[in-house]
Amino acid sequence: MNQPIELSLEQEFSLRTFADLVQQMSREQAQEFLQMLYKHMMIREATYRELLKHRWELDSDPILG
């Protein structure tokens, strides 16, 4: 895993489109957007964590079955 992960051409295009959109936002819009984005990142992280726990059966009690 020493090699950096590179974006696909489609992802690079999406990133550029996103950057252009952000450049057109006012400061207030950008701040509001960043707060919403951060909240969604936290929700995604929690969802991944729960999915992995379920997949790896970390949430089941081995004594109870």
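Is Phe-33 buried, partly exposed or exposed, and at what relative accessibility? In this predicted model, Phe-33 counts as partly exposed, because its relative accessibility is 22% and the buried class is reserved for values under 20%.

**View 1. The aromatic pair formed by Phe-18 and Phe-33.** The structure holds 1 aromatic pair. The ring centres of Phe-18 and Phe-33 lie 5.6 Å apart and the ring planes meet at 40 degrees, so the pair is classed as tilted. Through this pair, distant parts of the chain are linked, with Phe-18 belonging to helix α1 and Phe-33 to helix α2, 15 residues apart. Phe-18, like its partner, is partly exposed, with a relative accessibility of 35%, while that of Phe-33 is 22%.

**View 2. A nonpolar patch on the surface.** Leu-7, Leu-15, Phe-18, Leu-21, Leu-34, Leu-37, Tyr-38, Met-41 and Met-42 form this patch, and together they present about 860 Å² of accessible area. Helix α1, spanning 9-23, and helix α2, spanning 27-55, each supply at least two of the patch residues. The greatest contribution comes from α2, which gives 5 residues. Phe-18, which takes part in the aromatic pair with Phe-33, is also one of the residues of the patch.

**View 3. Leu-15 within the patch.** Leu-15 is placed in helix α1 and is one of the residues that form the nonpolar patch on the surface. Its relative accessible area is 47%, and Leu-15 is therefore described as partly exposed, since the exposed class begins over 50%.

How values were computed:
Residues are numbered from 1 along each chain as its sequence is written. This is a predicted model: local features need pLDDT of at least 70, side-chain atom pairs count only at pLDDT 80 or more; totals for chains, interfaces and linings use all residues. Side-chain values use heavy atoms; hydrogens and water are left out. Patches are made of residues with over 30% relative accessible area and no salt bridge: like charges are joined within 9 Å, nonpolar side chains (Val, Leu, Ile, Met, Phe, Trp, Tyr) within 5 Å. Accessible areas come from the Shrake-Rupley method with a 1.4 Å probe; for residues, only the protein chains shown count as cover. A salt bridge is a side-chain nitrogen of Lys or Arg within 4 Å of a carboxyl oxygen of Asp or Glu. Helices (H or I, at least four residues) and strands (E, at least two) are DSSP runs, numbered from the N terminus. Buried means under 20% relative accessible area, exposed over 50%, partly exposed in between (1.4 Å probe, protein chains only). Rings of Phe, Tyr and Trp (its six-membered ring) pair if their centres lie within 6.5 Å; planes under 30 degrees apart count as stacked, over 60 as edge-to-face and the rest as tilted.
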